[in-house]
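Student: Hey, got a minute to go through this one with me? I'd like to hop around a bit.
Tutor: Sure, put it up and ask away.
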Amino acid sequence: GKAPAVVALDRYLTVVVQELGKDSAEAAAVAAFGEFWKERQGTKMPDPNKGLLFGAQMPARWRVQPLEQVTATVKTRRALGLPVSWGLELEPSFRATEPADEGGRVFEDEASLREELQKQLEAKLNEQRRKNAVAQEWNLPPRYEVEFEKDGTPYVMSPDGDIRYDNPEDVPRPVWMRDIEGGSARRSTSRPVGGTGPAAVKAQLERELVAAAMRMDFKEVHRLQKVQAKAIEQARKLAARPAKQEVPSSEPAANAPGDKSDDVPMADAAAEEGAAPTDQAQAKSKITCEARCRAGKMPIMKKTDGAESSTRLERKYTKNVGLKALQEQQIQTGELMLKAHCWRVVGVRGADASIIPVSECSEVDPTKVVLVLAQIAEEIIKAEQERVRKQWGIDESWQVLIRTRLTGNQVTVQDPKGRQFIKPSQISTSAQLDSKKRRQAEDVKAQQELLSLLKGAAERGIFEVVGADDASKDISGVYRLCSESSAEVRYAKCCRALASMGGSVSVRLVDERWRFIAGEATAAAPVLASSRSSAPPPFEGKLLEGAGEKGAKELECEVEMLRPEQVISKVVNRSSVMTLKQCKLCTSDGKQDRPAQGGSRRAQREAFEQRLRDLGARRQDAPRTLAEMARHMAKKLLDARPSSADAVRRFFSNAECGHGTLRLGTLCSGTDSPTIALKHLTAAVTEGFPGSGGDSGKIGFEHVFSCEFDEAKQGFLLSNFEMEHLFSDCTQMGRQRAWDVKSKSPQPVPGGMDFLVAGFSCKDLSFMNSYRKTLEEMGQSGRTLRGCLEYVERYRPRVVLLENVYAIDRADQHGLKQVNIVMEGLRLRGYAAGYTLLNSCDYYLPQIRHRIWMWGFRMEKVLDPSESVDDLRARAFRMGQLLNPQVQEMLKLLEEPCALHFDDLLLPDDDPRIAEEERQLHAKAKRRQAKKEAGGGNEEGGRASSAKLTWQQKYTMHRMKL
């Protein structure tokens, strides 16, 4: 897939030699082609089918070695361990050539060559041993290399090779190496400096652990971890002993010189913490269970003798806790490995607890640097939670739980009441149930108020306020007596029972005045008597605005006591409009259909028969061939929109060929049904839209090329269609030349298309595939789509039509639709794009086939190179918003629900072709029967070898193979 000028470059040959070897057939072929290209570049190339590189006049230097000779050379080079820079020839005789910069010696004897290679290998090993010994003696940091002068004087080179150190003391060392004198801490078993207490021992162990980790001496790290674990276990045992016995006066002595134990004694840790050691048997009785974590899994419970039974809660051990503990241990030893796609480095924790970038950190001691890492999965989950809240319509008081899975994220939301939901429909259903419960509770309270009104009407404790102005409109309504005692007399407004406007208002006797309390606004009626017991009812005075001050003014409203008949009338009127559950008989007003009554079944049967007659008449008149369907569609369009004739004429007159002939190309052609459809549509337009061909008056249709990868379908296309080219690979259509199956040679890819129709692969997108891929993962669907877009970008057809399964319009867990990738690809190439879901049965055919159809209309033939990508995308998006509604309306107009049955498209039984097919089937059956009677056929009782096997036969063969 590379250009010849690229393959002929010396850099390309260098890459091939490094990857495949100097003696490989690929390297020889590239070298020969490079020489050929330099000599023949710019001249006319001969026909490649006549053997360009294998003719009689081919120079010897261009000849490629036979495969057997190349294989023998590679095996000999591997057996000898010969470096790539050495030359090796086996024919006509053995010959090995040393590189010129190393001496250029020639070896014609394999034994002498082996001896020389062994000497060079031993010399390199000895030199490396000298370097390692010097580096160990000088205690050099990692990645610093030791080199030697010609006289043997050693010196040190920096890791980047740009700084030379003649004195080992000048080599910069980290802080952790300065505290170690001469590397003596590698295997230290002596007592720590600065004390013999547990704190000093612990600090010494931590220093040795960090030093070993920085040296990447993991064997020493594991040894120190065991020592540390033993010390901690010994301290725990001592701390678990009862404190009743006395602490021994003498401290445990340090390890004797002859002690072979690597354990550092920490027995005095218990003494410092106030714990007294006792017998080992008593300590063992207190040990309950020992849990050993297995890489974050459930622990292994190891119960010792005499241990008490622990509860289930004590043995519970979650996976997250296990991973966290394991990571903490790895951090201590410098062995923590994090996945790069799950974590990212935020920065370094500063002295003031702030986070600074890594590039701004000036600390050279790695033990004093605290890296801050963020788990990317947490950020993704937060973004997903915000998306779920926005999509499901819930607020921050709801808790959203996201569980990441390979098959898709599992979403669970929890409301403030603790109820959990996994679907938005469950939330809406719950909200409807809650609303229904609230309405039922309101209805119950309203009925209680109605009953209290009827009871108060008999006691004459009900009055009504009518005609309040806007400032005091809340006090308008009917009031009933709620409580009457020596402590308080209170009236309340009936809001629920009579559906009064405004909020709840109560009337109370406060400071010898009746006050209407409705939130912040209050009104008061004057009190005629001075004592509360003799105060008149609130409906016998006038309402004043304010609390009775001098400036109080009278409210323009009436206060009227209601008689019992008036209260009963209001209650009856309200009850008639309340939303009560009614039966089906009441709601139908006695007009419901009853099957038992005469005439109804007969009417239903007649209506059904009439419908069948209408369908039969419509089926009789429905078009049955593609030509009739195309003519019916053109007539339907012309009758509905007479102005569309001018648009059709302009489209044909502006064809790419310039003389009214539409050129069609198909990719991923299959059976090439768009070719047949466009052919009949062109004929229908010729009949229905005269003058569509422009000045010449002629219109036509030309099938330029098809592209199909399947060989069986290629044979079908060659047998049934007449196209100029039949290409084999859709991914090569964006190039200048592609392989043509029809001519069996590379041919130029044609351009100047009016229509490009492509049904790129759907295997990676279909829901029938359990291992689906996105278009960006470049599976079969992604590669074929890329080939289509590359052709569109290079040759720019006028109209692009793409088709795929409806699963391409389904969003993933992040809300991304794969069809949006196709739309962006068309917009970035200067096309106004859109898509819709269509069904075949809505357009004449008796087939249910839901597919997503995508279209793109070219905005201009040549893009403006000065226009930026963002401006082009925005312009294509705006143009698509203008065109897509018109396309949707046109598709809706052309809909014609199928009136045919599948049998209507089959050939009749008396057709000669059916008779010929039946005759051939009967002849085959007779020959098969005769062969069976003669004892022929295969082992399966005379069955033909081409006959299908039954399930039992397949199962038997499978068991035999196993």
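Student: Where is the place of Gln818?
Tutor: Gln818 sits in helix H24. Keep in mind that this is a predicted model.

Student: Is Gln818 buried or exposed?
Tutor: Gln818 has a relative accessible area of 8%. Buried means under 20%, so Gln818 is buried.

Student: And what is Gln818 in contact with, leaving aside neighbours within four places in sequence?
Tutor: With that filter, the contacts of Gln818 are Leu765, Thr774, Leu775 and Ile808.

Student: Let me zoom out. How many helices and strands are there in the protein?
Tutor: The protein has 27 helices and 32 strands. It runs to 962 residues, and 30% of them are buried. About 63,300 Å² is exposed, with carbon and sulfur atoms supplying 52% of that.

Student: What share of contacts between residues at least 6 apart in sequence join residues at least 24 apart?
Tutor: That share is 52%.

Student: Back to helices. How many residues does H23 have, and how far does it reach?
Tutor: H23 covers residues 780-795, which is 16 residues. From first C-alpha to last it reaches 23 Å, close to the 22 Å expected at 1.5 Å a residue. Just after H23, Arg796 takes a positive phi of about 50 degrees.

Student: Which residues of H23 are buried, and what do they pack against?
Tutor: The buried ones include Leu785, Leu789, Tyr791, Val792 and Tyr795. The buried residues of H23 pack against strands E24, E25, E29, E30 and E31, and against helix H24. So H24, the helix that holds Gln818, is one of the partners of H23.

Student: E29 is in that list. Which way do its residues point?
Tutor: Phe755 and Val757 point one way from E29, Leu756 and Ala758 point the other way, and all are buried. In a regular strand, side chains alternate between the two faces of the sheet.

Student: Which strands does E29 pair with, and in what sense?
Tutor: E24 and E29 run parallel and are joined by 4 bridges; Leu664 stands opposite Phe755 there. E29 also pairs with E30 in the parallel sense, over 4 bridges. On that side, Leu756 has Val800 in E30 as its bridge partner.

Student: What about Glu708, where is that?
Tutor: Glu708 is in the loop between E25 and helix H22.

Student: Buried or exposed?
Tutor: Buried, because Glu708 has a relative accessibility of 8%. Not counting residues up to four places away in sequence, Glu708 touches Cys668, Ser669, Gly670, Lys713, Gln714, Leu717, Leu726, Phe727 and Ser728. Glu708 and Asp729 are 21 residues apart in sequence, with their C-alpha atoms 6.6 Å apart.

Student: Switching to charges. How many salt bridges does the count come to?
Tutor: The count comes to 38 salt bridges. One of them joins Arg387 and Glu384, with the closest N and O atoms 2.6 Å apart. Both lie in helix H13, 3 residues apart, about one turn of the helix. Arg387 is partly exposed at 27% relative accessibility, whereas Glu384 is buried at 5%.

Student: Which pair ties together parts that are 205 residues apart in sequence?
Tutor: Glu656 and Lys861, whose closest N and O atoms are 3.6 Å apart. Glu656 lies in the loop between H20 and E24 and Lys861 in the loop between E32 and H25, so the pair ties together parts 205 residues apart in sequence. Glu656 is partly exposed at 22%, while Lys861 is exposed at 52%.

Student: Which residues are linked in a network of salt bridges?
Tutor: Glu824, Arg827, Asp870 and Arg873 are linked that way. Within that group, the side chains of Glu824 and Arg873 meet at 3.0 Å, N to O. Glu824 lies in helix H24 and Arg873 in helix H25, so this pair ties together parts that are 49 residues apart in sequence.

Student: Last one: which residues form a nonpolar patch on the surface?
Tutor: Val345, Val358, Leu371 and Leu373 do, with about 320 Å² of accessible area together. Val345 belongs to strand E9 and is partly exposed, with a relative accessible area of 45%.

Key:
Residues numbered from 1 in each chain as written. Predicted model: local features only at pLDDT ≥ 70, side-chain atom pairs only at ≥ 80, totals over all residues. Heavy atoms only, no water. Patch = residues over 30% accessible without salt bridge, like charges linked within 9 Å, V, L, I, M, F, W, Y side chains within 5 Å. Areas by Shrake-Rupley, 256 points an atom, 1.4 Å probe, with all protein chains shown as cover. Salt bridge = Lys/Arg side-chain N within 4 Å of Asp/Glu carboxyl O. Helix = DSSP H or I, 4+ residues; strand = E, 2+ residues; numbered from the N terminus. Buried < 20%, exposed > 50% of the residue type's maximum accessible area, 1.4 Å probe, protein only. Expected span 1.5 Å × (residues − 1). Contact = heavy atoms within 4.5 Å. Pairing = 2+ DSSP bridges.
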